[in-house]
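Work through the exercises below with the sequence and the 3D view open. Try each task before reading its solution.

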Amino acid sequence: MARIAYVNGQYVPHRNAAVHVEDRGYQFADGVYEVFAVMAGKLIGEQGHLDRLAHSLSELRIKWPLSRAALMVVIKEIVRRNHVRDGLVYLQVTRGVAPRDHPFPAHSESALVITARKSDPMDKDALRTGVDVITIPDIRWQRCDIKSVALLPNVLGKQQARDADAFEAWQVDNEGYVTEGTSTNAWIVTADGDLVTRNASTSILNGVTRLSVLEAATDAGIDIMERPFTPEEALAAREAFITSSTSHVKAVTRIDGQSIGNGHVGELTNRILDAYVEYMEAHGGPRTTDTWN
Ligand code: PDD
């Protein structure tokens, strides 16, 4: 089955999908993106992703390439044409094509690319296997609430994790607090049993999965503290996990080579994964989608 991509108004074979060499996304990383999960045929968190896209576009003063309703039609069509039952949708909007010059061009049309990719269905056992995380300095800019395609620090951090046989790198800010992973949000269950994740601000990307987990955990009667935590607190934690549209709720069992808790997936992490899956089945995403920093 040939994959199909959407590029600026046209559905094209994925292998031929291309943008212009002077697309400002290519030359300046002048663009934003979203990654949607598709689970059992359902697009997850669509309102959340579109609201966050609205935030990213407006902060960068990039025009919507299509109306929100038209964008949803194209996203669903790409899922349909690629026969994706489980997988992800990648959507990217850039400021468009213009002769290379730093200021915003006087005239440019926002460029839109949407692709979809199949993956295996969510496997709870695999998510419960537990992965390693390392900690690294956060060298990113000060607007991490914007889902910019400028991901070089994230790419370098993820590669550093891979080089250390770890799954993810937790970035640590200048004050010594964990911000988030390179493509995931970071969570711990402290030695006292508190579930903690960093509060939303311009220092992190407020994950759509993060918002769903906050709501699912609250509904399940689990208290959450939204505040920064240090790597030392994480090392002393009972449990840790990460969240994202592609990792869902994934257990972390080692940080910087040291076992967390008893080295096995924690009890609360297990409960939260179950609560998250149930929540997705019931609501398909977070109810609150209007807070992006
Ligand atoms: N990453 N933090 C960062 C820096 C991210 O890049 C992401 C998502 C998240 C989690 O957000 P969400 O729950 O909305 O997926 C947090 C996507 C998956 C990516 O870059 O591939």
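**Exercise 1. Helix 2 and the sheet**

Which strands does helix 2 lie across, and at what angle does helix 2 run to strand 3?

Solution. Keep in mind that this is a predicted model.
- Step 1. Find helix 2 at residues 46-60 and strand 3 at residues 31-39.
- Step 2. Look at what helix 2 covers: strand 3, strand 4 and strand 5.
- Step 3. Compare directions. Helix 2 runs at about 175° to strand 3.

**Exercise 2. Strand order**

Work out the order of the open sheet of six strands, then find its edges.

Solution.
- Step 1. The order reads 2-1-6-5-3-4, and the pairing is antiparallel.
- Step 2. The edges are strand 2 (10-13) and strand 4 (42-43). Each has a single partner strand, so one side of each has no neighbour in the sheet.
- Step 3. Check one edge. Four bridges join strand 1 and strand 2 in the antiparallel sense. Here I4 has P13, in strand 2, as its bridge partner.

**Exercise 3. The largest nonpolar core**

Determine which elements build the largest nonpolar core, and which residues have the most contacts inside it.

Solution.
- Step 1. This core holds 25 residues. I75, V89, L91 and I114 have the most contacts inside it.
- Step 2. At least two residues each come from strand 1 (4-7), strand 3 (31-39), helix 2 (46-60), helix 3 (68-81), strand 5 (87-94) and strand 6 (111-118).
- Step 3. Helix 3 gives the most, with six residues.
- Step 4. Now take I114. Beyond its neighbours within four places in sequence, I114 is in contact with A5, Y6, L71, V74, I75, I78, V89, Y90 and L91.
- Step 5. A separate core, the second, has 23 residues. Among them are A37, M39, I44 and A216.
- Step 6. Set this against the general rule. In soluble globular proteins, nonpolar side chains tend to be buried together.

**Exercise 4. Strand 7 and its partners**

Decide whether strand 7 is largely enclosed or open, then trace its pairing.

Solution.
- Step 1. Strand 7 covers residues 131-137, and five of its seven residues are buried. It is therefore largely enclosed by the rest of the structure. The cut-off for buried is under 20% relative accessible area.
- Step 2. Strand 14 (residues 248-255) runs parallel to strand 7, with three bridges between them. V133 stands opposite I255 of strand 14.
- Step 3. Strand 8 (residues 168-172) also pairs with strand 7 in the parallel sense, over five bridges. T135 has W170 as its bridge partner in strand 8.
- Step 4. Follow the chain from strand 7 through helix 5 (residues 152-163) to strand 8. This β-α-β crossover is right-handed.

**Exercise 5. Two positive phi values**

Compare the settings of N8 and R61: where does each lie, and is each exposed or partly exposed?

Solution.
- Step 1. N8 is not a glycine, yet its phi is positive, near 45°. R61, also not a glycine, has a positive phi of about 55°.
- Step 2. N8 sits in the loop between strand 1 and strand 2. R61 sits in the loop between helix 2 and helix 3.
- Step 3. N8 is partly exposed, at 43% relative accessible area. R61 is exposed, at 65%.

**Exercise 6. Domains**

State the domain bounds and describe the contact between the domains.

Solution.
- Step 1. Domain 1 spans 4-118 and domain 2 spans 124-283.
- Step 2. Their centres, taken over C-alpha atoms, are 26 Å apart.
- Step 3. Domain 1 brings 21 residues to the contact, and domain 2 brings 19 residues.

Definitions and conventions: Residues are numbered from 1 along each chain as its sequence is written. This is a predicted model: local features need pLDDT of at least 70, side-chain atom pairs count only at pLDDT 80 or more; totals for chains, interfaces and linings use all residues. Side-chain values use heavy atoms; hydrogens and water are left out. A nonpolar core is a set of buried Ala, Val, Leu, Ile, Met, Phe, Trp, Tyr and Cys residues joined through side-chain atoms within 4.5 Å. Buried means under 20% relative accessible area, exposed over 50%, partly exposed in between (1.4 Å probe, protein chains only). Contact means heavy atoms within 4.5 Å. Two strands pair if DSSP finds at least two bridges between them. Axes are lines fitted to C-alpha atoms, for helices over the stretch in contact, and angles run from 0 to 180 degrees between N-to-C directions. A crossover is right-handed if, with the strands pointing away from the viewer, the path from the first strand over the helix to the second runs clockwise. Domain bounds come from an automatic or database domain assignment.
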